[in-house]
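Biologist: I am new to reading structures, and I would like a close look at a single part rather than a tour of everything. Could you pick one place where two helices lie against each other, and then set it in its wider surroundings?

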Amino acid sequence: MRDEHAAEHAGKDWLWLAVLPLILFGYLLWEISRTPLPWQFQLEWVPSLELGIDLYVDGLSAQFLLLITGIGTMVLVYASGYMAHDRQAGRFYKLLLLFMVAMIGAVSADHMLVLFLCWELTSLVSFFLVGFKYTDEQARASARTALFITMGGGLALLGGLILLSQIAGTWSLQGVIAAGAGLHDDPRLPAALTLLFIGCFTKSAQFPFHFWLPNAMTAPTPASAYLHSATMVKLGVYLLARLDPAFNELLFWEITLIAVGTITATWAAVLALRERDLKRILARSTVSALGTLVLLIGLPGESSSLAVVAFLYAHALYKAPLFFVAGSIDHATGTRSIDHLRGLRRQMPFTAAAAMIASLSMAGLPLSFGYVAKSVASVAKAESELMALAGYGLLLVNAIAVAVAAVAAIRVFWGPANQAFDQVREVSWRMVLPPLLIAIIALEFEFIPTFADPVLVDAARAISTSNSFTPSFAEPQAGTMITVAEITLLIGVLLFVFWERLHRFLERFSILERFSCAGFFDRLLKGLPRLAAWHTRLLQHGRLDSYMRVTLLAMLGIASGAWLVIEPGWPGMPGDLGGWRDQAWSLGAAAVLIMAGALAAPFMHNRMALLMSIGLVGYGSAVLFLFAGAPDVAFTQFMVETVLVVVAVTVLTRYGVPIRYTEPRVRNALIAVAAGAGTFILLLQMFSLPADLGMPLWFAEKSLPEAYGQNVVNVILVDFRALDTFGEIVVVAFSAIAAWPLLRRKRKHGSNG
Amino acid sequence: MTERPLLLEYTARMVYWLMIAVSLWILLRGHNAPGGGFIAGLVAVAATSLMAIVYGCDRAQRAMPLAPLPLTGFGILLALASGVPALFSGQPFLTHAWWNIDLGFTTYKLSTVLAFDVGVYAAVWGAFSLYLLALLNDEGDTA
């Protein structure tokens, strides 16, 4: 990609775009210091559907907005270096900006449908970014997986939100939270919450939907850092945190979040040990961190909300730089495999520095923001009794985080240099500045807490239950937590030291791949077309007579089933035959015509004669209609029958269909007789019901005075029910337009042969 | 079709126009007597099929006011348009309006119903002719 030919076509410099989120970021900071949260904003959109662009920005939203615009600025700066030689850079920036808008909408929306729309938009953009290198089969498959999982989850989310709005009687998220415990007894709530969980868990890559995120690493690294680590995948966490005040007293809510969070965090951390690709290692650890966040949300108690926001910030601020670092290394050396990457600190000193600082935070070592986050989290865990088992899991998770941080910072940059990378040079300032800056800012938060504290405290207050809650970052007391931190660190270091051996050990469990969720999903996707092909072959075989048989038998089955279940017994003859009796002779004649045609049909060996006898049935019916007081219907029947017979005969002769009819006639005749008898019984049943003459009388009465027509049938067609008629002619037109190309092609083949 | 019955060949054209005339008559009388756009459209289709069988599809198509596809589109658009005036007077879509036009010797009743019914007529004629001509076509395209 980086040859001269590509450079010739290198895109424009898009660095200036970074100014947009930067301005927004600065404005937000300024506004936060000036106007107390929450801010509200309402714009009418579709008032009849109660759909409006209602925005509500409280502490949690503000925290997300700062992350989105702040990290967004850095991502755009980084991308201007990373994509400098990519002809597709323009497309990339468009997607990033679109994503930014969607993300801003999602975290500031108060109307649940607006939230949903933005949420889906982020999934869609994510799909395009994961499949950005669309010439790569692997990228396309990953993009498809991501789309299936997140969009499928989006559907569940939509269902959940609709149910929730019906339970709470409002579309407003704040309204739902305000209703709070009042919703707990609604029988629909478990269903609503289950759907919500599916939506949030798919988005935030929780077990068992976790596998799409590591695969999504086919996206360009700036996108991975932004979407698949710092912001988008946290949307699920965001919504759960947002709704936590309303539901955290529910055992169902608590247990689900804690269980899923713990399983995800632990499982993803273990899987991280199996990866060799630096970016995938980071992705696994992101999943693990998301699991931790879900777990923290599930924890009861006041300090858990502080832990959530602190860890959320900390993770975004160390994981984004680490992704940037991985991207820079990939960019400079052409590989991301930790097998080859060694001693890069000489060639890439600034990147190494950024990695070191960010890793400190990830490992939760003192002097880093990660340390603060970790200590708050341990306070939260200490408060909960449910934590006994989860605690041990999290110990492992944190230890592996330490090991992963060490891999990213130490293993890659220290140790003996790899001769292959002698020519490697430090990447341009655009790719050095963002990771370094974010990492240093994160460090800053520990030393000068006045910057971060107000925002975090506001955010924590937004997702805590009690209004009087005043969170604070008190220094953790010495005691158990410190000991736990030390143990974690120790295990982490051990893991790092034995990384190779552990890796080889885990490698042996190739069974994990076959029975993993990803493998299952893969088989599901492959099985789906096979199922479709199978049942299409079974049902859509193209044999018209067989379709007819199946249709008739199905009709018969349903009708007789209904007859037996609902009203078994022989329906009586309709009592009032009044007007019919006067027409006995004419109706009798029509009946003779129909029966003659019907009785003759099974004995016809000649298709032409068969058509004629069927035509006779049609004409007989027309006569019947004529004398039974429906001249319009009779008229139509005559015309349809005529055109049908003429066309059928012409087509039969022109397409060279054998004139002799050789279908199994006894079976067909039996089915036809049975279907006819069934219809007859149904009709008798219908007649035995009391007829509601309200509508016919109304039509007859209003036809002349209101629609100025004496022919009631036609007045109904063109006036009273004109919309139905319109629909019908559209259907007729579309069926003709759809059939026309098929018929034309068929004819061409025929004329060639 | 190379061989055609002589009688058919000479009378078909006449019968065709007669049928079209009848179909128009059925169309116009529909509001007060059996008839209407749908039936009239079917009569016209029968006329077109007669043309197509006797003289071939090209000629049948040329005898139509528009080619089948545009005719269908015209019909649907006309029916659609007939419902629009109601919207301007705040009534539901497809509420028909009537105007009495004084011609001196008689008053002619003009209404959007007529436009709607003509639309149905054209759509039915066009759509079924599309089927018909595609089925019967020997060479060339219909559209």
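Modeller: Before looking at any helix we need one term, because a residue is called buried if 20 or more other C-beta atoms lie within 10 Å of its own, exposed if 12 or fewer, and partly exposed in between. Please keep in mind as well that this is a predicted model. With that term in hand, helix α24 (residues 544-566) of chain A is an instructive case to start from, since α24(A) is hardly covered, and the count of buried residues among its 23 residues is zero. Its end C-alpha atoms are 33 Å apart, which agrees with the 33 Å that 23 residues should span at 1.5 Å a residue.

The part I would choose for the close look is the pairing of helix α8 (residues 189-203) with helix α12, both in chain A. Two packed helices are described by the angle between their axes and the distance between the axes. Here the axes of α8(A) and α12(A) come within 11 Å and cross at roughly 25°, so that α8(A) is roughly parallel to α12(A), and the crossing is right-handed. From α8(A) the residues Pro190(A), Leu193(A), Phe197(A) and Phe201(A) take part, and they meet Phe252(A), Trp253(A), Thr256(A) and Val260(A) of α12(A). Sorted by class, the residues of this contact are seven nonpolar and one polar, with no charged residue.

Phe252(A) deserves a moment of its own, and its place is in helix α12, which covers residues 251-272 of chain A. If its neighbours within four places in sequence are left aside, Phe252(A) is in contact with Pro190(A) and Leu193(A). Its C-alpha atom is separated by 9.6 Å from that of Thr194(A), although the two residues are 58 residues apart along the chain. Even so, Phe252(A) counts as partly exposed, because it has 14 C-beta neighbours inside 10 Å.

Stepping back to the chain that holds this pair, chain A has 32 helices and two strands, and buried residues make up 43% of its 753 residues. Among contacts in chain A between residues at least 6 apart in sequence, 78% join residues at least 24 apart. Another of its helices, α6 (residues 137-168), has 32 residues and reaches 46 Å from its first C-alpha to its last, close to the 46 Å expected at 1.5 Å a residue. Just after α6(A) comes Gly169(A), which takes a positive phi of about 75°.

Chain B offers a pair to set beside the one we examined. Chain B has six helices and two strands, and 46% of its 143 residues count as buried. Its helices α4(B) and α6(B) pack with their axes 7 Å apart, at an angle of about 155°, which makes α4(B) roughly antiparallel to α6(B). The crossing of α4(B) past α6(B) is left-handed, and the residues of their contact divide into 19 nonpolar, seven polar and no charged.

Finally, the two chains touch each other, in a contact that takes 42 residues from chain B and 37 residues from chain A. On the chain B side, α2 (37-55), α4 (68-82) and α6 (112-136) each supply at least two residues, and α6(B) gives the most, with 14 residues. By class, that side of chain B has 26 nonpolar, 12 polar and four charged residues.

Definitions and conventions: Residues numbered from 1 in each chain as written. Chains lettered and ligands numbered in written order. Predicted model: local features only at pLDDT ≥ 70, side-chain atom pairs only at ≥ 80, totals over all residues. Contact = placed C-beta atoms within 7 Å. Helix = DSSP H or I, 4+ residues; strand = E, 2+ residues; numbered from the N terminus. Nonpolar A, V, L, I, M, F, W, Y, C, P; charged D, E, K, R; others polar. Axes fitted to C-alpha atoms, helices over the stretch in contact; angles between N-to-C directions. Parallel < 35°, antiparallel > 145°, perpendicular 65-115°, else oblique. Left-handed = near helix turned anticlockwise from the far one by under 90°. Expected span 1.5 Å × (residues − 1).
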